[in-house]
Amino acid sequence: MRTFRYVVLRLLGMAGTLLAISVLTYAVFYLLPADPAQLSCGRPCTPQRLAEASAFMGYDKPWTRQYLDFLGGIVAGRHFGSGLAAVDCAAPCFGYSFRLNEPVTQLIEQRAPVTFSIAIGAAVLWLVIGVGAGVLAAVRRGTAVDRSAMLLSTVGVSAPSYLAGLLGILLFGFTLNMVPVGGYVPLTENPVYWAWHLVLPWSVLALLSAAVYARLTRGQMLEVLSEDYIRTARAKGLRERRVIGRHGLRNVLIPVVTVFGLDLGSLLGGAVISEKVFSMQGLGALLLDAVGTVDLPLIVGVTLFAAFLVIFANFLVDLVYSVIDPRVSR
Amino acid sequence: MVVDILPAPADSAMPRTARHPLRRLLADRWAVAGGVVVLLFLAVAVAAPLLSALAGHDPYTYDLSAVSDAGAPLGFGGGIGAEHWFGVEPMTGRDLFAIVVHGARTSFLVGFAATALSVLIGVLVGITAGYFGGWYDRVVSRIVDVLFGFPWLVFVIALGAIAPARFPKQLLVILVIGLFGWPSIARVIRGQTLALKRRTFVVAATALGAGPVHLLRRQYLPNLSSTIIVYATMTIPGMIGAEAALSFLGVGVPPPTPAWGRTIGDAIAWVQTDPMFLVFPGAALFVATLAFNLLGDGLRDALDPRTRGTRR
């Protein structure tokens, strides 16, 4: 019952946060002086045509009304205009891109697999490498293993992903000719090629992020290892492996999971930089294109979708917490 | 990432045997190396016009004689030589040394300004939230949570598109990355303020009838100063990186103002034919960031009495 209450409360909190962010995003993007109707009214843009375009897209209403229409569209779908020129946007409608003549939801659906492939693969890799290196460094504290792991992680934290990515392309792609330098093959088309094209982005992203996790894990592990219950566990005669794995790691994972949720969430919302470096057409590339053409509905849609992913990831993190540390939900 | 640091009270409690933080810092070879490199970069940023004048080129003038008809730089390593120390930019033939040196200016200006903004807001918000508590604290903590989970890169990119063209882009970059950077500082400062609240010297000052202004200025701030210094130092490389990332994506500092990130972005198209065009600005960005991180780590260890025994 307690757990159920906890989950419901968290869900409500998530919905509230999402609503707050959507109001903010909507207000910011529609109050700023860039008139979407003006941008897509074509030439010559007579006042009459501008008014028509405005009414067609629904921009003639006050922004609060537009926002409610937007929310309604997510639940029930929307129609723009009437008659032959009418445009249909089925639920869940996150807006309609009048530039690309496609519903935003559909565009996100097309691009999401690319971004998700990059993000999830990299995240699994960096979690394993980062936590592994951190634990190793903490257990072998003060040794050469520890020092080199920490020095490497400082280097990793300082290297921008695009720089490392470009150097990776230069070395492994062009010079050694080992891996493809860009492009994306859908998983459903050919799983081997899919993975093969993603090896470089995964490794680059994973190595750089692993640096952060290694430092975090090491610091936490050192703190945990000085706790009384670890001494008790050792005194009981448990094997070191079990002390570290069961008693140590479990407590180390709490802050690691927090950071992981945030990182994975924001990466899912658009691996903007990696997509540009490895020329992949994911959500990040979609956003950059939308920004280039000032496609306002698309910008708002992608931004909100990204925010949703982050918040959802946080929600999952909270659930994982209550599994790792039952005290949380009480 | 939240690293909490409990400062020693400024007035006493430090054992006499403990060495001065500065001496501890100077004993850390990596931190000293980082500090020296940071100072070097700072000198370069300040003296950029002088340095590029010494080299004989400014970062704006085109030199089409230095590039081939296809736009590739002529000569070894992207045109490296006595004339152009770091070679030239493909297509335009602008001097890469001048671009990198002036780029340091842009990076440091944006990095420092955005950090100052973040730290100012973060400290103000954190200290007041921790001190006053109650509903104000709950609201602030909620806002911090939301901002933490915000896909700020996506948002900032989108914002760049719709900002009025007249608004100076460099200022916009400083404002947006500064305004998204404060939550982590606010969270740490809030936590420490809460911890300070229970310390005897604060309780004593309160009992003596000290008002909030005196408490915040005379009791809390001095004890938070080491945390603020450490956090500011550790925030700068993040801000420099954020500016470079935005410029890399083409939504940061606009041309012709030299920016490392934008040059690295331009280098994508040339990475196969002219790798040196990537290497120079890339190395500058990487070394500057690394130096700040090393200095920040060293400062943290030197100012934080807790990590002393546990590290090494």
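In this short talk I will go through chain A, two helix pairings, the contact between the chains and the nonpolar core.

This is a predicted model, in which local features need pLDDT of at least 70 and side-chain atom pairs count only at pLDDT 80 or more, while totals for chains, interfaces and linings use all residues. Residues are numbered from 1 along each chain as its sequence is written, and chains are lettered from A and ligands numbered from 1 in the order in which they are written.

Let me begin with chain A, which has 13 helices and four strands (DSSP runs numbered from the N terminus, H or I of at least four residues for helices and E of at least two for strands). Its C-alpha trace spans about 85 × 60 × 35 Å along the principal axes, and of its 330 residues 40% count as buried, that is, with 20 or more other C-beta atoms, placed from the backbone, within 10 Å of their own.

Within this chain, helix 7 (residues 161-175) and helix 8 (residues 191-225) of chain A pack at an angle of about 135°, their axes 10 Å apart, where axes are lines fitted to C-alpha atoms over the stretch in contact and angles run from 0 to 180 degrees between N-to-C directions. That makes helix 7 of chain A oblique to helix 8 of chain A, since angles under 35 degrees count as roughly parallel, over 145 as roughly antiparallel, 65 to 115 as roughly perpendicular and the rest as oblique.

Turning to chain B, the axes of helix 2 (residues 29-46) and helix 4 (residues 96-132) of chain B come within 8 Å and cross at roughly 105°, and these two helices are therefore roughly perpendicular to each other.

Now to the two chains together: 40 residues of chain B are in contact with 45 residues of chain A, contact being C-beta atoms, placed from the backbone, within 7 Å. The largest share of the chain B side, nine residues, comes from helix 11 of chain B.

Which residues touch the most other members of the largest nonpolar core? Of its 170 residues, they are A:Leu287, A:Ile299, A:Val302, B:Ile157 and B:Ala158, a nonpolar core being a set of buried Ala, Val, Leu, Ile, Met, Phe, Trp, Tyr and Cys residues joined through C-beta atoms within 7 Å. Helix 13 (residues 296-324) of chain A gives the most to this core, with 17 residues. As for B:Ile157, its contacts, leaving out residues up to four places away in sequence, include A:Val272, A:Leu287 and B:Leu249.

Definitions and conventions:
A residue is buried if 20 or more other C-beta atoms lie within 10 Å of its own, exposed if 12 or fewer, and partly exposed in between; C-beta atoms are placed from the backbone.
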